[in-house]
Amino acid sequence: MKISIITPTFNSGSTIGDTIGSILCQSHTDFEHIIVDGVSSDNTLETIRSNESLYAGRLRLISEPDKGIYDAMNKGIALATGDIVGILNSDDYYSSPDVLECIDKEMTPQTEAVFANLHFINPADGRTVRFWKGSPARSFRSGWHPAHPTFYARREVFSKLGGFRTDMRIAADFELMIRFIEKNRISTRYIDRDFVTMRTGGASTANLRNIIRGNREIIRAFRLNGIPVSPAVYPLRRLLPKVADKIKSALDNKMSDS
């Protein structure tokens, strides 16, 4: 199946090369890479264009003003022609060359979306900060949700249920997944594989203000989709697994140094 990979970019010159490299080395070659740039002023576009010939016609690049990252993602979804659609951000990269092959294999006729594991690294030294091990679908109210960078859905699901809400600045990815999985009950498959490597420092975790705003948007996502949740209890349910993951990663790093 053809897979559409959408990458929003803005002044991503220091990282976009890794993103591109991880796509071009994939064993599954039936893909298109749609890069939606917000008129970068650094060397982002130069880096993309220097790799264009390696795509053999599978790259589509647009560079124009947008209304934020979720608007850029929606533009990419509108342009997608693949059977499956996913997002690979410009500071992330695939953890192995067979990620797309695995997605293609696991997306059975009965499956509408897949998701997998994710790990965060320190951009300064490349060490793992947190390993997000997923699990089969459970209730979002329990604190569970997929790692969005690993989430790939059939294009027809986006056509039927819509894209990202642009009135959210941090948690539109969470809202989309709760709308797809919890509210509309699409069929999903969890793949116990490390799909994506993400550098820390994204908008949702950049500072305390963004963390608070993100939690407020997440509570709003529940309400928008008619799912009752406690504003006091839910943030704790969501936080505890993150803390446990970080402690485990720190212990693993310490053991590897000894």
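## Strand β6 and its neighbours

In this predicted model, strand β6 spans residues 113-121. Of its 9 residues, 9 are buried, so the strand is largely enclosed by the rest of the structure.

Three strands pair with β6. Strand β9 (residues 188-199) runs parallel to β6, and 8 bridges connect the two; within this pairing, Phe 115 has Tyr 190 as its bridge partner. Strand β7 (residues 128-132) is antiparallel to β6 and is joined to it by 4 bridges, with His 119 opposite Phe 131. Strand β8 (residues 152-154) is also antiparallel to β6, over 2 bridges, and here Val 114 is matched with Tyr 152.

The β6 and β7 strands make a hairpin with 6 residues between them. Gly 126, in the turn, has a positive phi of about 75 degrees.

## His 119

His 119 belongs to strand β6. Its relative accessible area is 12%, under the 20% limit, so the residue counts as buried. The side chain of His 119 makes a polar contact of 2.8 Å with the side chain of Asp 194.

Leaving out residues up to four places away in sequence, His 119 touches Ser 95, Thr 128, Arg 130, Phe 131, Asp 194, Val 196, Thr 197 and Met 198. One of these, Phe 131, is the residue opposite His 119 in β7. Another, Arg 130, has its charged end over the ring of Trp 132, at 4.7 Å from the ring centre.

## Aromatic pairs

The whole structure contains 10 aromatic pairs. In the pair of Tyr 70 and Phe 164, the ring centres are 5.7 Å apart and the planes are at 25 degrees, so this pair is stacked. Tyr 70 lies in helix α3 (residues 69-79) and Phe 164 in the loop between α5 (155-161) and α6 (172-183); the pair links distant parts of the chain, 94 residues apart. Tyr 70 counts as buried at 8% relative accessibility, and Phe 164 is buried with a relative accessible area of 5%.

The rings of Phe 115 and Trp 144 have their centres 5.8 Å apart and their planes at 65 degrees, so the pair is edge-to-face. Phe 115 is in strand β6 while Trp 144 is in the loop between β7 and β8, so the pair ties together parts 29 residues apart in sequence. Phe 115 is buried at 1% relative accessibility; Trp 144 is buried as well, with a relative accessible area of 6%.

## Aromatic cluster

Phe 115 and Trp 144 are members of one aromatic cluster, together with Phe 140, Phe 174, Tyr 190, Phe 222 and Tyr 234. Within the cluster, Phe 115 and Tyr 190 are also bridge partners, Tyr 190 being in β9. The β6 to β9 pairing that holds this bridge is parallel.

## The chain as a whole

The chain has 258 residues, of which 49% count as buried. Its secondary structure consists of 8 helices and 9 strands. Among contacts between residues at least 6 apart in sequence, 79% join residues at least 24 apart. The exposed area of the chain is about 12,400 Å², and carbon and sulfur atoms supply 52% of that area.

Note on methods: Residues numbered from 1 in each chain as written. Predicted model: local features only at pLDDT ≥ 70, side-chain atom pairs only at ≥ 80, totals over all residues. Heavy atoms only, no water. Buried < 20%, exposed > 50% of the residue type's maximum accessible area, 1.4 Å probe, protein only. Contact = heavy atoms within 4.5 Å. Areas by Shrake-Rupley, 256 points an atom, 1.4 Å probe, with all protein chains shown as cover. Pairing = 2+ DSSP bridges. Phe/Tyr/Trp six-rings, centres within 6.5 Å; stacked < 30°, edge-to-face > 60°. Lys NZ or Arg CZ within 6 Å of the ring centre and 35° of its normal. Polar contact = N/O pair within 3.5 Å; in protein donor to acceptor, adjacent residues only side chain to side chain.
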